[in-house]
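The exercises below are meant to be worked with the sequence and the model side by side. Try each task before reading its solution.

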Amino acid sequence: MSQMSRVRAFLSRPQRTLVLPALAVVIGLLAAALGLFRAAPKPLLVVPPGYVALVNQKGLLLNDYRAQVELETAKHYADVTPDERRRVLREMINEELLVQRAVVLDLPETANEVRATMAVGVNSQVAAPVLAYEPTDAELRAFYEKNRQNYATSGSMTLHDLVLGVGGYQNANQTTAQAQIDAAEAVYQLRSGASLDYVMAHFGFRPSGRAAQGEELDFAMKLHLGAQLYAVASTMRDGEVSDPIVAPDGLHIIVMERHQFPQVADFTAVRDRVYLDYRTASSNRATSQNLRLLRSQASILLAPGLSE
Amino acid sequence: MKRLAVLALCLLGATAGCAVAQERSVSYSTWIISGNMVTLRYLLPVTVAQRLMGVDVPVLTTEKLEDYLLQRQTVGSAAGECPAIDQGFDLGRVDPLAVGPGLFGFEIFYRCKDPHHLLLRNTAVFDAVPQHVDFARIQMNGHVVPQLFTAGHQQLVLPDADAVAPASLAAYLGLGLKHILNTANRWIFLLGTLLLVRRRRDVGYLVAALVCGYLLATLVVSTGWVLPRMPRMESFMGLLMALVGAIIMQRELRGAAAQRLPWPAILLLVVLLIALVRAPSAALALLGGAALVCGFLSCARWFEARRILWPAVVAMFAFLDGFVLPAVLGPAQLPRPTQVWMLTGFDLGAILIAVLLVGLAVGAWLLLRALRFSAPRPIVNDVCAACLCGLGSFWLLTRLQ
C-alpha cells in the first residue's frame, strides 16, 4: 500500500475524529501547565565551587575569605593556621548574619550612618574606574592652566580704613553731601602728602576698627572689611588713597600702606597638588554624571511650595 | 436534581458579586519564646493591610498598622500582661521590617516579668475579616511548630516545659471546609457538574474525580518542583467552569441544525481571544486552554453515547484548587513535610464538604422527584449552561493577570 493510500485510509477511519481532539487536549494541558506553573527555586544544599559558606542561601566568596584571612593575620594564606582560618570564617559568617539582619530591619532607610556609608560607597564605586586612570603630565598641565587661580599664593595687605560718620550725635546737622565734600578734600590732602593724624583731626575721621593694625592676609582682610570695601582695596597699590566710599556707617577712605598681590605658583612646584585636584575633579565629575543618570531614570515628586 | 441545581445556581449567582472581590485573607506570624522574652515577627500582605487600614499610601498604612498591631497582638503570663518594649532609636515599640514586595513586616518584643503560663493572643484582622487565617510558627524550647490563628482560635496557651503542640489535622480540615463554603465559584462549579449527571454511577465518577484531582495536587506539591501562578490559575478555573457550561450546551444542541457549527467551542474561543488581548503575558495558558476546549468538546462529541468525559474537567478543577493553600504558604517558610501535612488536611476538608454538597443535592433531588416536582428540562439546561458560561468567562477575564 502506497503512502498516499495509507493517509487516505487513516482519514477515512472514524478514529481520526478522536486522535486529533485527544492530541489537542494533551497539547492544551501541557501548554496550560507551562503557563499556570513556574519552576520552584531549588535550595542550595551544597556550597558551590568558589564559595566558602552559604548563610541563608547567600554565598561567601572564597576570594573574599582568603583576602580577609591575609588581612587579619598579616600572613600569607598558606602560612595561616587552621585555628586562625576558623576564626576568620566565623567572623565573616557573623558579619553576613548582621548584614542580613540590617537589611531586614531596613537600616538603609532608617539609619543615617548606614545611608551616608552607602552613598559614599556608591560614589566610590562610580569613581573607581576614573581614579584607576593615571593622568599624563600634559593633562595635568592643561588642568593647571585651566585652574591657575587655585594655585596662587595668598596675598596680604597693610592698610588704614578711616570713616567719617554722618548724622551722628557729634555732627548731627551734617548731610551726606556735606560729608562727601569734606571727604573729597581729605583725600586730596592725603594724596598731597598730609599726615594721617592731621587729616583725622582736621576733618573728624576716625579708624573704622574693621582692619587690624599691621599686615593681614587677603582672605582675612576680605572677611573684616566686607565685600564693598575689599573690592576697592584689592585693586590698590602701595601708598594709594582711595576715593571716598559711601557705606551705611559713613564715608570711608582706605589708605593702602603695603599690598602684596597673590602670585600663581609654578606648575612644577605644585604638581602634587595639581595631581590630587585632578583626581578629585575627575571623581566629582563621575559622581555627578552618575547622579544625572539616576535622576533621569527616577520619578521625583516635590511637595507643593518646595523646590531644590 | 437538575432543577435543584438550577435553583441553587440562581441563588449563588446572586451572590457572585461577593466572589468577584473574594481574595484570601492571610497573614504570617513567628513567635520566638526565649526565657522571659517573646519576639513576634508579623507579616501581612499589602492588599490585606490596605483593605484593613483603608489607606493606599504605604507610609501611612505602616504607621496605622503599628498602632493597630500593638492593640491586637499581646502576650500574657502568670504575672499579668507582658508589655511590648521600646526598641530604642526612634523606632518605638513596633519595628517595621523590609520583607520584600507585597508584604508589610513588623517586629515586636515583649518582656514578661514571669515567663510561666505564657498566653499568645492574636486578634488582628479577625474583626474585619472573619475568614482571615494567620499561619503561625511557634519557636520554643528548641522546637518550631506550625499553628493557626483563626477567628475561632485567637489565643494559644503555651506549656512551661513541654514542646508546643502543632495545629492538628482537624484544624486544616476545617480550613478546607471553609474554603469551599466561602468560595462561590467552587459551589457553582460543583452544582453545575451535577447537571451532567445522568446515572447513579456518574455521582461516583464525580466524587472520584474530585479525590483524584486533590490527590494529584498533593503529590505535585510534595515534590516541590513547581509553584502555582495563583491569580492565573483562578482565572483558568473560570475557563473550566465555562467549559462545563459548553458541554451542557453541546449536549442540548445534539441533533439540532445548529450542531453543524461547533458553537460552544467558538464561544469559548472568543472569550479566550478577549482574555489574550487583556493579558498577553498569559498567552501560553490561554492558548493551552483554547486547545483544551477545542479538543475536549470534539472528544466529548465522539464519546457522547458511550462514555463520559466530563469527570476529567472536575478532576482538573480539583487539581487546580489543590494549589490554593500552597500558594499562600510561601512567606510562612514552613518545611515541605509540614506543608504536605497541612495540605492533606485541607484537601480532605475540601473533599468532605464537596461530597456533602453533592449528597445534599442528590438527596434534595430525590425528595423533589418524590414530590413530583418537574421543570422543563431543555430550558433548565440552557439557562444553567448560559449561567456557567457567563460566570466562568467573567471569572476568567477578571482574575487574569
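**Exercise 1.** In which helix of chain B is B:L243 found, and is B:L243 buried or exposed?

*Solution.* Begin by noting that the model is a predicted one. Locating the residue in the secondary structure places B:L243 in helix α8 of chain B. The next step is to count neighbours: a residue is buried if 20 or more other C-beta atoms lie within 10 Å of its own. Because B:L243 has 26 C-beta neighbours inside 10 Å, it counts as buried. For context, 44% of the 401 residues of chain B count as buried. Finally, once the neighbours within four places in sequence are left aside, the residues in contact with B:L243 are B:L268, B:V293, B:F296 and B:V313.

**Exercise 2.** Describe how helix α8 of chain B packs against helix α14 of chain B, giving the angle and the distance between their axes.

*Solution.* Take the geometry before the residues. Helix α8, residues 230-253 of chain B, and helix α14, residues 377-398 of chain B, pack with their axes 7 Å apart and at an angle of about 160°. Angles over 145 degrees count as roughly antiparallel, and α8(B) is therefore roughly antiparallel to α14(B). The crossing in which α8(B) passes α14(B) is left-handed. Turning to composition, the residues of this contact divide into 15 nonpolar, six polar and two charged. The residues that meet include B:L239, B:V244 and B:I248 in α8(B), and B:L388, B:L391 and B:W395 in α14(B).

**Exercise 3.** Work out which elements of chain B supply at least two residues each of the side that touches chain A, and how the residues of that side divide by character.

*Solution.* Start with the extent of the contact, to which chain B gives 28 residues and chain A gives 23 residues. On the side of chain B, at least two residues each are supplied by β5 (95-97), β11 (226-228), α8 and α10 (283-303). The largest share, 13 residues, comes from α10(B). By character, the side of chain B that touches chain A divides into 20 nonpolar, five polar and three charged residues.

**Exercise 4.** How many bridges join strand β1 of chain A to β11(B), and which residue in β11(B) is the bridge partner of A:R38?

*Solution.* Strand β1 of chain A covers residues 37-39, and three bridges join it to β11(B), the two strands running antiparallel. Following the pairing from A:R38 across to β11(B) leads to B:L227 as its bridge partner.

How values were computed:
Residues numbered from 1 in each chain as written. Chains lettered and ligands numbered in written order. Predicted model: local features only at pLDDT ≥ 70, side-chain atom pairs only at ≥ 80, totals over all residues. Axes fitted to C-alpha atoms, helices over the stretch in contact; angles between N-to-C directions. Helix = DSSP H or I, 4+ residues; strand = E, 2+ residues; numbered from the N terminus. Parallel < 35°, antiparallel > 145°, perpendicular 65-115°, else oblique. Left-handed = near helix turned anticlockwise from the far one by under 90°. Contact = placed C-beta atoms within 7 Å. Nonpolar A, V, L, I, M, F, W, Y, C, P; charged D, E, K, R; others polar. Buried ≥ 20, exposed ≤ 12 C-beta atoms within 10 Å, placed from the backbone. Pairing = 2+ DSSP bridges.
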